[in-house]
Amino acid sequence: MPCDLTQDFALPHSSLFPHLRGGESLEARSLASGWRFRQAWTSSSASVTSLFSIPNPQSAKAADMDNAGKEREAVQLMAEAEKRVKSSHSFLRGLFGGNTRIEEACEMYTRAANMFKMAKNWSAAGNAFCQAAKLHMQLQSKHDSATSFVDAGNAYKKADPQEAINCLNAAIDIYTDMGRFTIAAKHHITIAEIYETELVDIEKAIAHYEQSADYYKGEESNSSANKCLLKVAAYAAQLEQYQKAIEIYEQVGANTMDNPLLKYSAKDYFFKAALCHFIVDELNAKKLLEAHEEQNSEAYTEAVKEFDSISRLDQWLTTMLLRIKKSIQGDGEVDGDLK
């Protein structure tokens with residue numbers, strides 16, 4: 001009887017392709033795989049296209065229109081808030097729900113301020129936050145008032161540094177009245193930084209760093225206080241207030257000697273104090289002192305070079321050492337180079 005090879009060796013798809021689900025044909029599986037490959041390729045192509053796409057001017061224009069829309073909405077909220085405030089002053093409103101109107105106005109001013117921020121109108125945002133802060137104070141909500149003044153200061157920093165300082169000072173007054181001296185110290189540092197970078201008034205920056213240090217000391221935050229004092233010392237020396245710088249460097253150096261983690265920084269503070277002493281009293285140590293006593297500017301320069309090869313001189317040290325070199329050379333011109 002002839003053997004039917006086709007029948008004997010016919011195997012079901014499941015044995016040849018065990019990954020196929022029951023009842024699923026090989027053709028269907030191939031079609032599905034091809035569809036998934038095309039889908040993945042289309043998605044990948046879209047991602048690559050987006051990476052190299054050219055900016056569309058229309059999208060920038062749409063963003064500008066969106067900002068303008070936010071600004072218009074913010075102006076409307078400001079006007080509505082002003083109406084609420086005025087209506088709260090009426091006799092009947094004062095008897096029935098006057099505070100509610102003011103609370104609603106506070107919320108509207110805050111929403112308007114945030115919309116101005118999104119539109120990058122920093123002055124308008126600062127003004128709106130200020131209005132909210134004043135109303136919070138009227139409601140005897142000191143914390144909310146201080147927070148709004150801080151928000152106003154942060155907005156004004158981008159447009160009007162002096163107004164930013166005014167708002168931060170208002171917040172500081174509230175925080176100190178509440179006994180929140182650590183927060184007040186933080187905002188004094190912010191004001192000092194504005195005077196450093198924006199208004200370039202070092203004397204006022206020093207005053208705010210000193211006030212911040214006092215508040216931190218009162219709260220036993222000695223590490224934060226020392227950071228502020230070191231800023232004061234650096235600026236005092238640059239302003240040739242050497243005695244003040246000496247006292248601070250020696251004070252901070254003595255304080256850090258008691259701390260196992262900070263005691264290795266003490267030598268740097270004492271060295272800076274010694275440099276200031278050297279300028280004022282012609283006192284120093286080792287090679288620098290010997291060079292100065294001999295009035296030998298070349299020996300002094302060599303001593304400085306040797307020190308610089310061990311520990312790189314920063315801008316402050318360079319300035320102080322140049323002044324010492326000038327005192328050695330007398331009233332003549334200093335070439336501005338320590339090497």
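1. To start with a term: two residues are in contact when heavy atoms of theirs lie within 4.5 Å. With that in hand, among the contacts in this chain between residues at least 6 apart in sequence, 50% join residues at least 24 apart. Please keep in mind as you read that this is a predicted model.

2. A quick look at the whole chain helps next. The chain has 17 helices and zero strands. It holds 339 residues, of which 34% count as buried. The points below visit two pairs of helices, then some charged side chains, then two loop residues.

3. Let us begin with helix 7 (residues 122-138) and helix 8 (residues 142-156). Two packed helices are described by the angle between their axes and the distance between the axes. Here the axes come within 8 Å and cross at roughly 165°. That angle is over 145 degrees, the cut-off for this class, and helix 7 and helix 8 are therefore roughly antiparallel to each other. The crossing of these two helices is left-handed.

4. Which residues of helix 7 and helix 8 meet? On the helix 7 side they include W122, F129, C130, K134 and M137. On the helix 8 side, K142, D144, F149, D151 and Y156 are among them. Sorted by class, the residues of the contact of helix 7 with helix 8 divide into eleven nonpolar, six polar and four charged.

5. A second pair worth a look is helix 11 (202-218) and helix 12 (222-238). These two pack at an angle of about 160°, with their axes 8 Å apart. Helix 11 and helix 12 are therefore roughly antiparallel to each other. Helix 11 passes helix 12 in a left-handed crossing.

6. If you would like to trace this second contact yourself, helix 11 brings residues including I202, I206, Y209, E210 and Y216. From helix 12 come, among them, N222, C228, L229, K231 and Y235. By class, the contact of helix 11 with helix 12 has eleven nonpolar, three polar and three charged residues.

7. Now to the charged side chains. Side chains of opposite charge can pair when their charged atoms come close. How many salt bridges does a search of the whole structure find? The search finds six. Three of the residues, E80, R84 and E104, are linked in a network of salt bridges.

8. Here is that network, bridge by bridge. The side chains of E80 and R84 meet at 3.2 Å, N to O. Both residues lie in helix 4 (residues 57-88), four residues apart, which is about one turn of the helix. R84 also meets E104 in a salt bridge, at 2.3 Å, N to O. R84 lies in helix 4 and E104 in helix 6 (residues 98-118), so this pair ties together parts that are 20 residues apart in sequence.

9. Are the residues of this network buried or exposed? R84 has a relative accessibility of 16% and counts as buried, because buried means under 20%. E80 is partly exposed, with a relative accessible area of 29%. E104 is likewise partly exposed, at 29% relative accessibility.

10. Another salt bridge brings us back to helix 12. E196 pairs with K231, the closest N and O atoms being 3.2 Å apart. E196 lies in helix 10 and K231 in helix 12, so the pair ties together parts that are 35 residues apart in sequence. E196 counts as buried at 15% relative accessibility, whereas K231 counts as partly exposed at 34%. You have met K231 already, as one of the helix 12 residues that meet helix 11.

11. Finally, two loop residues have a backbone angle worth checking. Most residues other than glycine have a negative phi. V200 is not a glycine, and its phi is positive, near 50°. V200 lies in the loop between helix 10 (181-197) and helix 11. Is V200 buried or exposed? V200 is exposed, with a relative accessible area of 58%.

12. The other loop residue is E220, which has a positive phi of about 60° although it is not a glycine. Where does E220 lie? E220 lies in the loop between helix 11 and helix 12, the pair described in points 5 and 6. E220 is exposed, with a relative accessible area of 62%.

Note on methods:
Residues numbered from 1 in each chain as written. Predicted model: local features only at pLDDT ≥ 70, side-chain atom pairs only at ≥ 80, totals over all residues. Heavy atoms only, no water. Buried < 20%, exposed > 50% of the residue type's maximum accessible area, 1.4 Å probe, protein only. Axes fitted to C-alpha atoms, helices over the stretch in contact; angles between N-to-C directions. Parallel < 35°, antiparallel > 145°, perpendicular 65-115°, else oblique. Left-handed = near helix turned anticlockwise from the far one by under 90°. Nonpolar A, V, L, I, M, F, W, Y, C, P; charged D, E, K, R; others polar. Salt bridge = Lys/Arg side-chain N within 4 Å of Asp/Glu carboxyl O.
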